[in-house]
Amino acid sequence: MKEIATIILNWNNADLTIRASRKFLEFEQDKTSIIIVDNGSFKKEKEKLKEYAINEKFIIIEEDDIENSKMLSSNLFEDNNIILFLRKNLGYAAGNNRGIKLALLLGYRYILISNNDVILDKPILEKLRDILESNISIAIIGPKIVSKSKISQGPFGKPGLVDSILMPLFYPIILLIKKMIKPKYKKNKYEYCNISFVYRIMGCFMLMKVEAIAKAGYFDEHTFLYGEEEILSEKLLKIGYRIAYYPELYVFHFHEESTRRISRNRKFVIQMKSEIYYFKYYRKWNIIFIILFVFAQMTMSYLWAPILDKMKNFKR
């Protein structure tokens, strides 16, 4: 039986999900099964996924079927790809949790959480799994994440007052100072390392030990979108696990393609709710720091960001 189940969450973007799934079938078919979790998409999008599932011989199950442990213990599911249809959009955390718990029921040892806007161009799972197996303290590992413009995304340190409040409040001044005192080109410090232990990696591509995630209590379902990686990192670190980053391997991430249907203002509101929850309950920030944080993020999003965008367009 394969040890890895790859979970791809879909919400009204069947074409993107099918593209990602095909890349896994092309490069990792012998290493992973695929579990596509449809998060309550519209009928037209569901039909696209069902057509793809039939053509590629995926097993189609509904949310209620997860409770049928007798059915799920059947050999029918062994090493087969699955599409799970949820009744409504549960968000990132809860949607992925349904996929993780299904994989746990089916006996998989490792879970890969992959966004549908991630693209592989070669096999990488075997090496990442070997690193996880070699160190009992590692719960999650991720490769280098490369954007459309060839820029590395992550990994990240623990967010504090400087980067969460001071930086967005005084961004132009800090940016100018950094340009004056630092060389124009500076590599990400993690790129010099073979394996680094970090606070968190990009949530778009994370290979996890199922046992560790279950011990941590899975993703916190109080968040709908954004902030999941920070919260999961806090939960894992508290029980003695570590998060690893391995830049010798990479995947491409076409950032925000998976959320392009959500308006900018809506994204900001959702993100603020998740970040406030994280800082309040996992970092124990008081109300003063949280108010300052919200004000700083609003300043960055609605003042500095539009000005910087205009400056970039002017230079072009």
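This report describes aromatic pairs, charges over rings, backbone features, helix packing and two buried residues in a predicted model.

## Aromatic pairs

A pair of aromatic rings is described by the distance of the centres and the angle of the planes. In this model the count of aromatic pairs comes to 12. One of them joins Tyr-250 and Phe-252, whose ring centres are 5.4 Å apart and whose planes stand at 70°. Because planes over 60 degrees apart count as edge-to-face, the pair of Tyr-250 and Phe-252 is edge-to-face. The two partners fall into separate accessibility classes: Tyr-250 is partly exposed at a relative accessible area of 23%, whereas Phe-252 has 19% and counts as buried. The cut-off for buried is under 20%, and the value of 19% for Phe-252 therefore places this residue in the buried class.

Trp-285 and Phe-289 form another pair, with 5.9 Å between the ring centres and 65° between the planes, so this pair is also edge-to-face. Here Trp-285 is buried, with a relative accessible area of 12%, while Phe-289 is partly exposed, with 30%. Both residues belong to a cluster in which ring pairs link Tyr-278, Phe-279, Trp-285, Phe-289 and Phe-293.

## Charges over rings

Two cationic side chains are placed over aromatic faces. Arg-242 lies over the face of Phe-197, at 3.6 Å from the ring centre. Lys-101 lies over the face of Tyr-218, at 4.9 Å from the ring centre.

Tyr-218, the ring partner of Lys-101, is found in the loop between helix 8 (210–216) and helix 9 (228–238). With a relative accessibility of 13%, Tyr-218 counts as buried, because the class covers residues under 20%.

## Backbone features in loops

The backbone of Tyr-218 is also notable for its phi, which is near 65°, a positive value in a residue other than glycine. Lys-284 likewise is not a glycine and has a positive phi, of about 60°. Lys-284 is placed in the loop between helix 10 (264–281) and helix 11 (287–315). In accessibility the two residues fall on opposite sides: Tyr-218 is buried at 13%, whereas Lys-284 is exposed, with a relative accessible area of 63%. The value for Lys-284 is 63% and the exposed class begins over 50%, which is why Lys-284 is assigned to that class.

A cis peptide bond, with omega near 0°, runs from Gly-154 to Pro-155. Pro-155 has its place in the loop between strand 7 (138–146) and helix 6 (161–169).

## Helix packing

Two packed helices are described by the angle between their axes and the distance between the axes. Helix 1 (residues 14–28) and helix 2 (residues 43–55) pack with axes 9 Å apart, at an angle of about 20°. Since angles under 35 degrees count as roughly parallel, helix 1 is roughly parallel to helix 2. The crossing of helix 1 past helix 2 is right-handed. On the helix 1 side, the residues that meet helix 2 are Ala-14, Asp-15, Thr-17, Ile-18, Ser-21, Arg-22 and Leu-25; on the helix 2 side they are Glu-45, Lys-48, Leu-49 and Tyr-52.

Helix 6 and helix 7 (residues 171–181) have axes that come within 5 Å and cross at roughly 95°. The range from 65 to 115 degrees counts as roughly perpendicular, and this description therefore applies to helix 6 and helix 7. Leu-166, Met-167, Pro-168 and Leu-169 of helix 6 make the contact with Tyr-171, Ile-174 and Lys-178 of helix 7.

## Two buried helix residues

Glu-45 lies in helix 2 and is among the residues of that helix that meet helix 1. At 9% relative accessibility, Glu-45 counts as buried. Apart from its neighbours within four places in sequence, Glu-45 is in contact with Asn-12, Asn-13, Ala-14 and Arg-261.

Ile-270 lies in helix 10 and is buried, with a relative accessible area of 7%. Neighbours within four places in sequence aside, Ile-270 is in contact with Leu-225 and Tyr-226. Ile-270 and Asn-194 are 76 residues apart in sequence, and their C-alpha atoms are 35 Å apart in space.

Terms used. Residues numbered from 1 in each chain as written. Predicted model: local features only at pLDDT ≥ 70, side-chain atom pairs only at ≥ 80, totals over all residues. Heavy atoms only, no water. Phe/Tyr/Trp six-rings, centres within 6.5 Å; stacked < 30°, edge-to-face > 60°. Buried < 20%, exposed > 50% of the residue type's maximum accessible area, 1.4 Å probe, protein only. Lys NZ or Arg CZ within 6 Å of the ring centre and 35° of its normal. Helix = DSSP H or I, 4+ residues; strand = E, 2+ residues; numbered from the N terminus. Axes fitted to C-alpha atoms, helices over the stretch in contact; angles between N-to-C directions. Parallel < 35°, antiparallel > 145°, perpendicular 65-115°, else oblique. Left-handed = near helix turned anticlockwise from the far one by under 90°. Contact = heavy atoms within 4.5 Å.
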